[in-house]
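Please open the model in your viewer and keep the selection panel at hand, since this tour moves from one aromatic side chain to its partners and then out to the surrounding core.

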Amino acid sequence: MKHLFFIFGLVALAAGGAQAQTQSPATPAKQPIELRAGRMQAQAKPAANRPDAPPQFPGGAQGLNTFFQQNLKYPEAASVKQISGNVVMIFTVEADGHLTNPTVLQPLSPECDTEALRVLGQMPAWKPATRKGQPVAVQVRLPVPFGNSTDVKVEQGKNKFE
């Protein structure tokens, strides 16, 4: 009986050692943290890549809505097809406030996507995000409304450090 427990213990140790050898030494890549407007709060130990203050369009959400009302043209082809909704754009607000790397994240229609990219190119510089009082580049997700869509929300994405 003693031998049976001893053999069982050796088999368990061997199986544990085999598992430890089959695991890869590399750690999996971390997914970026996506920041959302209105959900930022002070942290006891803030992450090194998280801004203290998010980027902001000049005039805030009201200014952004006004900008879209004045500059966004509903494409005729989308109007004929009665397409409405949001083109979700993603771009980087650099440390100096200008926008770079505009990309369509969730398309609506080719006409609406093109118009959203055109309007993003006309946007003025934003107030950049800050980390410990220093401006930092942050990725922003922005839905551009078309048709009956009136819901405009700005979400911050991962930080861009150089």
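Select Phe57 to begin: in this predicted model, Phe57 has a relative accessibility of 6% and therefore counts as buried, the cut-off being under 20%. Now add Trp126, whose ring centre lies 5.7 Å from that of Phe57, with the two planes at 85°, so that the pair is edge-to-face. This pair links distant parts of the chain, because Phe57 sits in the loop between H1 and H2 while Trp126 sits in the loop between H4 and strand E3 (129-131), 69 residues apart. Trp126 is itself buried, with a relative accessible area of 4%.

Next, select Phe67, which at 10% relative accessibility also counts as buried. By the ring-pairing rule the count comes to four aromatic pairs. One of them joins Phe57 and Phe67, whose ring centres are 5.7 Å apart and whose planes stand at 55°, so this pair is tilted. Phe57 lies in the loop between helix H1 (2-22) and H2, and Phe67 in helix H2, so the pair ties together parts that are 10 residues apart in sequence.

Extend the selection to Phe68 and Phe91, and you will have one aromatic cluster made of Phe57, Phe67, Phe68, Phe91 and Trp126.

Finally, which residues have the most contacts inside the largest nonpolar core? This core has 21 residues, and those with the most contacts inside it are Phe68, Phe91, Met123, Trp126, Leu142, Val144 and Phe146. To see the elements that give two or more residues to this core, colour helix H2 (60-71), strand E1 (85-93), helix H4 (110-122) and strand E4 (134-146).

Terms used:
Residues numbered from 1 in each chain as written. Predicted model: local features only at pLDDT ≥ 70, side-chain atom pairs only at ≥ 80, totals over all residues. Heavy atoms only, no water. Core = buried A, V, L, I, M, F, W, Y, C linked by side-chain atoms within 4.5 Å. Buried < 20%, exposed > 50% of the residue type's maximum accessible area, 1.4 Å probe, protein only. Helix = DSSP H or I, 4+ residues; strand = E, 2+ residues; numbered from the N terminus. Phe/Tyr/Trp six-rings, centres within 6.5 Å; stacked < 30°, edge-to-face > 60°.
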